[in-house]
Amino acid sequence: MDYLIMVIYAVTVMGVLLGGVTFAILAERKVIGAIQLRPGPNRHGPWGLFQTIADVMKLLMKEDVIPAKADKPIFVLAPVLAFAPAFSVMAVLVYSSSIGGADINIGVIYFLGVSSITMLGVLMGGWSSNNKYALLGSIRGVAQMVSYELPLILSIIGIIILVGSLNITDIVNYQAEMGMWFIVPQFLAFVVYMISSIAELNRSPFDLPEAESELVAGFFTEYSGFRFAFFMLAEYTYAIAIAALATTLFLGGWLGPAFLPGIVWFLLKVCAVMFIWFWLTATLPRARVDQLMNFGWKVLIPLALLNIVVTAVIKVWMG
Amino acid sequence: MSELKTETMTLNMGPQHPSTHGVFRLQLKVDGETIKEAIPVMGYLHRGSEKLAERFLYSQFIPYTDRLDYLNAMTNNYVYCAAIEDLLEWEVPERAEYLRVITMELNRIASHLVWWGTYLLDIGAMSPFLYAFRDRETILDRLNEISGARMTFNYHRIGGVKWDSPDGWIEKVQETVKELYENIQEFNVLVTGNEVFRARTIGVGRLSKEQVINWGLSGPIARGSGIAIDVRKTEPYSIYDRFDFEIPTEQEGDVFARYKVRIAEMFQSLRIIEQACEQIPEGDIITKKGKRLMMIKPPAGEVYRRAEASKGEIGVYAISNGKNKPYRIKLRRPSFVNVSILQHLLVGESIQNLVAIFGSLDVVLGEVDA
C-alpha cells in the first residue's frame, strides 16, 4: 500500500511538473515579450496557451539526429542525466503542511547533493557531441556551476545554524514560530542565493554556457528533437526546483494568510521567484567569463562567509 | 608533476554564425578560449559590383550602390551620383540637395540603430534589439513614403532626386525627429549606464590613434580614438556647410568609446534634419538634363568623390572615356577598410571579447565583399 501511494505521488508530481514546465516556458516568453514591446506567442489557443504544447509535439516528431562522430552512449545518456537529478530533488520538497515528499532529516543536504549531478549532463553532452562550440560551452558550464555551487550552499548555512536542523519541514515551522520569513534576518544570504542560483541555472546574465551570439547554442548545439526537449525540460525543472527551495528557505514555504490554502501560497511564491529571473533575462547583457569567476569567488563567497560568521555570533550571543 | 600536454584548437567561426552579421568567416586558433591567431576570410558575398558598373549606363548603376552597405543605402546613392555630377559639372537644384541631406541623415540614424540593437544582441541583451527596431521602423516608413522602398531606395539621381516629397512629409519627419530624441535618450538611460554592459565594453578592443591612421580607419572608429575626422565637416559636400552640428569624439579608443560616439552621432543627425526641415525651399528636384537618363554622357576625365557614410568614409573614383558607360568605377568601402584591423585586434582576446570587438567595428558584409 505504501508503495502504491509512493508511485501515485511520484506520478502526480511528475505530471504537475510537466505542466508547470510547459507554462513556465510560456510565461517566460510572455513576460519577456511584454518587456520587449511585443505580444509574445499568441497563435495557439487563447492567449497562446498551447504554444509550448505545439512546440513539444514538433520536437517529439522530429528525426533523432546523432552526429556521426559523436560518442553515442554518452551522447544519449547526457540529457537523461541532466533531467534525472533535477526531478529527483523534488522528492524532498514539502508543498504545504499536509502535502509533501519524503520527510527526511537531511532534506537540504540531499537537495544540494543530488542537484549538483546536473553538471555531469552538461559536461557529457558537450564533450560527446564532438563539436567545438559544444565543448567550449560545456567547459564554461562546468566551471561556472562548480564555482557558483559554493556560494549557493554557503548562503544556506546561515539558516541551518539558526534552525539547527536540515529538515525542510522544521525550517518552515521555525519560520512560523519566529513570526517572520528568513528573507528578513537572512537578507544577505537571500541575495547571494538568488545571484548564484542564476549562474547555477545558466540563466541570463550568466548564460555563458549557451551564449548564442558566441557559441551558437553552447553545450547542446548538436542536440535536436526530443533530446533537445529533454535538455530544456531539465533546465526548467531545475529552475522550478531551485525556486521551490528558495521559497521554502527564505520565503516561508506554504506560510501565508489563511484565506488561501498553503499550497497556493507556495506556488505563488515560486512564480514570484521565477518572474525575477525572467525579468533579468530580458534586461541584462551577458557577463564575461573572467568577470563571472571573479564575481563568484571574490564577492559572493566572502559575502556568504560573512553572513555565516554574523549569524553564528548572533546565535551564540542570543543563546 | 609532469606538464599537461595541451594543444591549440582551430575553430572556424562562420560563415554561418550568429555573430558574424552575414557571411564572414574567421579562422581562429584558440587555446581554451584565448585567441592565438585570427585569419579573416571574406568574399562569400562578392558580386563584382565594380566590374558590373562598366557594363551599365551611368544611371543604371545606382541600384547596385544600394546593395553595398544595405543599411545605409542613401549615402551610397549620393556619393555615386555626386561623383558623376562632378564629371558632368552639373549643378543640383536646392530642394534636391535638402531632400538628399534629410534622407541621408535619416538613413544614418537607421543604420546606427541597427548597429545599436545588434551590438547589444552580441553582448547578450535581447531587448534593446526590439527597441531599436521599433524606431528604425518609423524611419523606414518615412523613407518608404518618399522613395517607395524600405532599404534599397534607389532614390538619388544624377542631377537630383527621383521623387519630390509627398504632401505633409516634412511635417511627418519633424514629428519623427521629436520622437527619436526621446527614444534615443531612453536607450541611453537603459543601456549606457548598465553595470554589466560597461564591464563588458570599457577597456576592450583598444585602438590607438597611430593604429587608426596607419590602417586608414574612418568613421565612428576613428572618432572613438580621438581623431576628429568627418568628411561632412573637414571637406563639406552637398550643403552640409549650412548646418550647425558637431563631430562627437572620444579619446579612449575602446569599444565603449565607439558606442558613445555612435549614440552622440544620432543626436547630431537629428539636429541636422531639424535644421534642414526648416530651411528646405520649394523648387525643382532634378535638373532638366538629369531626366534624360540615356543621354548622360560625361566628358572624358576622372574624379574622386567622398562622403561620410555611417560606417566611415565612402569614396567613388570614376573614370569616363566620353561614352555613355563608365570606363572604371572604384569604390572605397569603409567596412572593407575597417575590418582589416580585426586580425590584429583579436590576438590574445577571448571569444567573448571577439564578439564585442567585431560588433563594435560595425561591418556590413555587403560592403566588405562588394
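The following is a conversation about a predicted model of two chains, A and B.

Reader: Before we start, how are residues, chains and ligands numbered or lettered here?
Author: Residues are numbered from 1 along each chain as its sequence is written, while chains are lettered from A and ligands numbered from 1 in the order in which they are written. This is a predicted model, in which local features need pLDDT of at least 70 and side-chain atom pairs count only at pLDDT 80 or more, whereas totals for chains, interfaces and linings use all residues.

Reader: OK, chain A then: what helices and strands does it have?
Author: Chain A has 12 helices and zero strands, where helices (H or I, at least four residues) and strands (E, at least two) are DSSP runs numbered from the N terminus.

Reader: And how does its radius of gyration sit against the globule rule?
Author: The radius of gyration of chain A is 20 Å, close to the 20 Å that the globule rule gives for 319 residues, so chain A is as compact as a globular protein of that length. The radius is taken over C-alpha atoms, and the rule is 2.2 Å times the number of residues to the power 0.38. Along the principal axes, the C-alpha atoms of chain A fill a box of roughly 65 × 45 × 45 Å.

Reader: Where in chain A is confidence lowest, and where highest?
Author: Confidence is lowest in α9(A), with a mean of 66, and highest in helix α8 (residues 187-200) of chain A, at 88; the score is pLDDT, the predictor's confidence in each residue, from 0 to 100. Chain A as a whole averages a pLDDT of 83, and 97% of the residues score at least 70.

Reader: Switching to the contact between the chains, how many residues does each one give?
Author: Chain A gives 22 residues and chain B gives 26, with two residues in contact if their C-beta atoms, placed from the backbone, lie within 7 Å.

Reader: Which parts of chain A supply that side?
Author: At least two residues each come from α6 (132-163), α9 (212-215), α11 (262-283) and α12 (289-318) of chain A. The largest share, three residues, comes from α9(A).

Reader: How do those residues divide into nonpolar, polar and charged?
Author: On the side of chain A that touches chain B, 11 are nonpolar, five polar and six charged, counting Ala, Val, Leu, Ile, Met, Phe, Trp, Tyr, Cys and Pro as nonpolar, Asp, Glu, Lys and Arg as charged, and the others, Gly among them, as polar.

Reader: Now chain B, what is it built from?
Author: Chain B has 15 helices and eight strands. Of its 370 residues, 50% are buried, meaning that 20 or more other C-beta atoms lie within 10 Å of a residue's own, with exposed for 12 or fewer and partly exposed in between, C-beta atoms being placed from the backbone.

Reader: Does UniProt list a domain there, and if so which residues?
Author: An unreviewed UniProt entry lists residues 122-369 of chain B as "domain: NADH-quinone oxidoreductase subunit D"; UniProt positions follow the numbering used here, feature names are shortened, and annotations may be inferred rather than shown by experiment. That span is 48% helix and 10% strand, and its end C-alpha atoms lie 22 Å apart.

Reader: What about α4(B), is it covered or exposed?
Author: Helix α4(B) is mostly covered, with 28 of its 30 residues buried. B:Gly124, which follows α4(B), has a positive phi, near 115°.
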